[in-house]
Amino acid sequence: MKQIVTRFPPSPTGTLHLGGARTALFNWLYARKNNGKFIFRLEDTDLERSRQEYVDQILCAMEWLGLSYDEGPYYQTKRFDVYREFAKKLYEAGKAYYCTCTPEELDAMREKAMAEGGKPKYDGRCREKKLPPGPGAALRLKIPLTGHTSFTDVVRGRITFPNEELDDLVILRSDGTPTYHLAVVVDDITMGVNTIIRGDDHVSNTPRQVLIYQALEEPLPVYAHVPMVLGPDKKKLSKRHGAASVMEYRDMGFLPEALLNFLARLGWSCGDQEFFTREDLVEKFSLENLGRSAGVFDADKLLDLNAAHIRAASPESLQEPLLYHLRKMGLPEPAPAALPAIIRTLQPRSKTLAEMAEKAAFYLRPEVAFDEKAVEKHLNTEAEPLLAAILDKVSRADFGDEKALEAAFAAVMETFSLGFGKLAHPVRVALTGGTVSPGMFEMMQALGKEKTLDRISDALDRIRTGRGFRA
RNA sequence: GUCCCCAUCGUCUAGCCUGGCCCAGGACACCGGCCUUUCACGCCGGCGACAGGGGUUCAAAUCCCCUUGGGGACGCCA
């Protein structure tokens with residue numbers, strides 16, 4: 001069996017968005033799953049709209065997502081000679097011809113066709129003129145006037161287009177540059193691409209490309225057109241739906257694994273499984289389980305998946321990404337050794353890394369930021385003896401042992417005949433400034449003995465001296 | 001307008017090819033409850049869909065046709 005070769009060919013006319021990322025993912029998965037090859041190519045033949053900053057952003061996004069490629073990035077602008085060579089072949093074989101129609105003439109033709117109730121298309125008026133190449137002349141592919149063009153799509157089955165619907169497409173512009181259709185086909189042929197997984201907005205382009213393959217007498221690749229990703233209003237996903245570009249998700253605190261998991265499940269399924277690691281996906285991906293209908297992007301589901309991936313991750317693997325958000329928030333950097341413990345306490349309660357960074361703030365800030373209401377309710381004179389007692393017990397406890405901390409609290413509860421809650425609330429406020437936090441003991445351990453004692457005695461101090469708490 | 005594609009809970013989907021196990025299963029969201037030192041996590045329960053109409057068949061979410069709805073494509077853009 002031949003090696004599977006897939007590719008992802010974005011055009012650098014915008015950032016990598018979710019739809020593109022999913023297409024890239026499917027191609028990557030299929031290649032990895034089959035020990036195939038994944039090629040990355042930039043379709044930058046539109047000199048007007050292509051921009052270097054987009055190239056950079058796409059490269060960066062691919063890297064962040066971890067979609068490694070075996071070949072590339074190739075740039076179509078560096079391969080013009082190849083396309084011209086193929087175009088020449090077509091011209092010399094009489095399968096393509098030059099056309100000198102002006103844009104105005106073309107517009108008029110389309111309008112006329114439309115008025116007659118047909119499809120707007122080129123009427124082929126230069127087809128038999130045998131015009132020579134030259135300035136102002138574009139090369140068009142001569143396609144059959146009658147009959148049908150069909151191809152088999154792995155997800156949709158056989159798709160057939162009447163040739164009358166098609167027109168003689170331009171393959172070389174009058175300035176000699178290749179158009180999209182020629183460039184993709186030539187690239188895919190010369191790069192050995194045999195499996196094309198792409199958005200289904202390309203199905204109506206496919207017969208044109210099939211015709212180019214046929215004119216070139218090359219075998220067709222396997223096509224798999226995946227449904228589009230839609231916004232909540234069921235329109236093609238775009239900037240107007242909020243964050244559409246991949247890198248924005250990193251900044252919002254998403255894990256690439258979570259985004260990949262989410263994207264994979266949008267348009268693909270594997271029974272009832274919802275949570276997938278990268279390895280799961282590679283192992284279980286198959287073209288057969290791709291869906292046929294368009295899917296709406298659901299931010300809540302992404303968030304849920306992200307939370308699940310955060311929970312499942314090792315604290316160590318979360319360090320770097322969390323640091324990114326901590327720095328962005330201008331928080332003091334924690335000692336590297338202290339970070340995993342902090343992360344561990346926050347994992348079950350953070351849906352994003354940005355949220356985790358916010359929740360980590362109390363551990364890191366030199367001064368506790370007190371919430372006024374919490375102070376009023378829990379750090380009053382009533383709490384004073386409690387805090388004094390707990391400070392005493394805790395100062396003699398071994399912080400490496402959660403049981404010791406528990407025992408310290410139990411002793412104070414006993415002395416005052418109080419429930420855990422009555423005691424925990426003031427301590428929590430003293431330690432964190434607020435009423436919401438990770439579990440008491442794991443939190444104290446992550447905070448460390450020194451800070452824990454400091455903060456309790458500081459709170460005590462404030463109560464005794466009547467010194468105000470400031471947020 | 002013309003052509004192509006699609007159609008299961010609000011959303012992502014399983015089931016459809018190879019009809020009966022489906023008065024349709026899972027997940028997210030939402031609503032209750034449990035657990036509990038707070039917030040989460042977790043667990044239990046609830047709400048909620050085969051677009052409509054015709055066929056075929058003993059039997060249709062599953063097969064066929066029509067309607068409706070949605071999407072995409074019709075560039076010397078990709």
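Q: Over how many bridges do strand 5 (residues 138-141) and strand 8 pair?
A: Two, and they run in the antiparallel sense. Pairing here takes at least two bridges between two strands, as found by DSSP. Strands are DSSP runs of E with at least two residues, and helices are runs of H or I with at least four, both numbered from the N terminus.

Q: Which residue in strand 8 is the bridge partner of leucine 139?
A: That's leucine 172. Helix 3 (residues 80-92) packs on this sheet and touches strand 4, strand 5 and strand 8, contact being heavy atoms within 4.5 Å. The direction of helix 3 makes about 100° with that of strand 4; axes are lines fitted to C-alpha atoms, over the stretch in contact for helices, and angles run from 0 to 180 degrees between N-to-C directions.

Q: Hang on, what kind of model is this?
A: A predicted one, where local features need pLDDT of at least 70, side-chain atom pairs count only at pLDDT 80 or more, and totals for chains, interfaces and linings use all residues, while side-chain values use heavy atoms, with hydrogens and water left out. Residues are numbered from 1 along each chain as its sequence is written, with chains lettered from A and ligands numbered from 1 in the order in which they are written.

Q: What does chain A average in pLDDT?
A: 92, and 98% of the residues score at least 70. pLDDT is the predictor's per-residue confidence, from 0 to 100. For the complex, the predictor gives an ipTM of 0.94 and a pTM of 0.93.

Q: Back to strands. In what order do the three strands of the parallel sheet come?
A: 1-2-3, and the sheet is open. Strand 1 (5-8) and strand 3 (71-75) are at the edges with a single partner strand each, so one side of each has no neighbour in the sheet. The twist averages 25° from one strand to the next.

Q: Which helix packs on that sheet?
A: Helix 1 (residues 18-33), touching strand 1 and strand 2, with its direction at about 160° to that of strand 1.

Q: And how many bridges join strand 2 (residues 37-42) to strand 3?
A: Three. Leucine 42 stands opposite tyrosine 75 in strand 3.

Q: Switching to the cores: how many residues has the largest nonpolar one?
A: 55, and those with the most contacts inside it include Tyr363, Phe409 and Met440. Helix 13 (residues 353-364) gives the most to this core, eight residues. A core here is a set of buried Ala, Val, Leu, Ile, Met, Phe, Trp, Tyr and Cys residues joined through side-chain atoms within 4.5 Å. Buried means under 20% relative accessible area, exposed over 50%, and partly exposed in between (1.4 Å probe, protein chains only).

Q: What does tyrosine 363 touch?
A: Leaving out residues up to four places away in sequence, its contacts include Ile342, Leu346, Met443, Leu447 and Arg455.

Q: Is helix 18 (residues 440-447) mostly covered or uncovered?
A: Mostly covered, with six of its eight residues buried. Among them are Met440, Phe441 and Met443. The buried residues of helix 18 pack against several helices, including helix 12 (339-346), helix 15 (384-395) and helix 19 (449-465). Glycine 448 follows helix 18 and has a positive phi, near 100°.

Q: At what angle do helix 16 and helix 17 pack?
A: About 115°, with their axes 9 Å apart. Phe409, Val412 and Met413 of helix 16 make the contact with Phe420, Leu423 and Val427 of helix 17.
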